[in-house]
Amino acid sequence: QVELSEAGGGLAQPGGSLSLSCAALGNMLAMYVMGWYRQAPGKQRELVARITSGGSTSYADSVKGRFTISRDNSKNTVWLQMNNLKPEDTAVYYCNAYGLQSRLDYWGQGTQVTVSS
């Protein structure tokens with residue numbers, strides 16, 4: 001199994017930055033595709049960014065050029081650097097791990113990101 005622990009959510013002003021981290025407890029992440037999702041009130045959960053075990057990344061159009069996903073398998077940690085934040089980025093952000101061999105999804109508890117002036 002993979003237990004994911006998230007940190008870094010909080011309040012930011014428009015144009016500001018936040019960095020989210022996701023640490024795997026008791027498991028290695030080398031064989032997992034990692035992703036960040038977000039869900040705003042009344043909205044469906046949407047994919048924000050993902051990164052493969054080899055470091056290939058992809059982003060939602062709404063965050064391209066502003067967000068960066070990265071990983072360090074030796075530290076069992078994934079990050080989401082969020083720059084130039086907009087009020088529309090306000091949501092609960094969730095870390096996701098997908099096991100290539102087990103084909104199982106694991107989710108973090110979520111961390112609130114609020115962008116407001």
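The exercises below, each with a worked solution, deal with a predicted model of a protein chain.

**Exercise 1. The fold in outline**

Determine how many helices and strands the chain has, and in which pattern they follow one another along the sequence.

Solution. Begin by counting the elements: the chain contains 0 helices and 11 strands. Next, read them along the sequence, which gives the pattern β-β-β-β-β-β-β-β-β-β-β. Then turn to the contacts between residues with a separation of 6 or more, of which 55% are accounted for by residues 24 or more positions apart.

**Exercise 2. Overall dimensions**

Work out how the radius of gyration of the chain relates to the value for a compact globule of 117 residues.

Solution. First take the expected value, which for a compact globule with 117 residues would be near 13 Å. Then set beside it the 14 Å of the chain, which agrees with that expectation. As a further step, consider the box filled by the C-alpha atoms, which along the principal axes is roughly 45 × 25 × 25 Å. Finally, look at burial and surface: buried residues make up 37% of the 117 residues, and the accessible surface comes to about 6200 Å², with 48% of it belonging to carbon and sulfur atoms.

**Exercise 3. The disulfide**

Find which cysteines form the disulfide, and explain why it is described as left-handed and which parts of the chain it ties together.

Solution. The structure holds 1 disulfide, and its partners are Cys 22 and Cys 95, whose sulfur atoms are 2.1 Å apart. This distance satisfies the cut-off, because a disulfide is a pair of cysteine sulfur atoms within 2.5 Å. The torsion about the S-S bond of Cys 22 and Cys 95 is about -80°, and therefore the disulfide is left-handed. Now place the two residues: Cys 22 belongs to strand β3 (residues 18-25) and Cys 95 to strand β9 (residues 91-99), so the pair ties together parts that are 73 residues apart in sequence. As a last step, check the surroundings, where both Cys 22 and Cys 95 turn out to be buried.

**Exercise 4. Two residues with positive phi**

For Asn 84 and Arg 103, state the value of phi, the loop, and the degree of exposure.

Solution. It helps to recall that most residues other than glycine have a negative phi. Asn 84, although not a glycine, has a positive phi of about 50°, and it is found in the loop between β8 (77-82) and β9. With a relative accessible area of 45%, Asn 84 is partly exposed. Arg 103 likewise has a positive phi, near 55°, and lies in the loop between β9 and β10 (105-107). Arg 103 counts as exposed because its relative accessibility is 66%, and exposed means over 50%.

**Exercise 5. Toward the end of the chain**

Locate Gln 112 and Ser 117, and decide whether each is buried, partly exposed or exposed.

Solution. Gln 112 lies in strand β11 (residues 111-115), and its relative accessibility of 40% makes it partly exposed. Leaving aside neighbours within four places in sequence, Gln 112 is in contact with Gly 9, Gly 10, Thr 90, Ala 91 and Val 92. By contrast, its C-alpha atom is separated by 27 Å from that of Met 31, a residue 81 residues apart along the chain. Ser 117 has its place in the segment after β11 and, at 84% relative accessibility, counts as exposed. The C-alpha atoms of Ser 117 and Lys 86, which are 31 residues apart along the chain, are separated by 9.8 Å.

How values were computed. Residues are numbered from 1 along each chain as its sequence is written. This is a predicted model: local features need pLDDT of at least 70, side-chain atom pairs count only at pLDDT 80 or more; totals for chains, interfaces and linings use all residues. Side-chain values use heavy atoms; hydrogens and water are left out. Helices (H or I, at least four residues) and strands (E, at least two) are DSSP runs, numbered from the N terminus. Buried means under 20% relative accessible area, exposed over 50%, partly exposed in between (1.4 Å probe, protein chains only). The radius of gyration is taken over C-alpha atoms; the globule rule is 2.2 Å times the number of residues to the power 0.38. Contact means heavy atoms within 4.5 Å. Accessible areas come from the Shrake-Rupley method with a 1.4 Å probe; for residues, only the protein chains shown count as cover.
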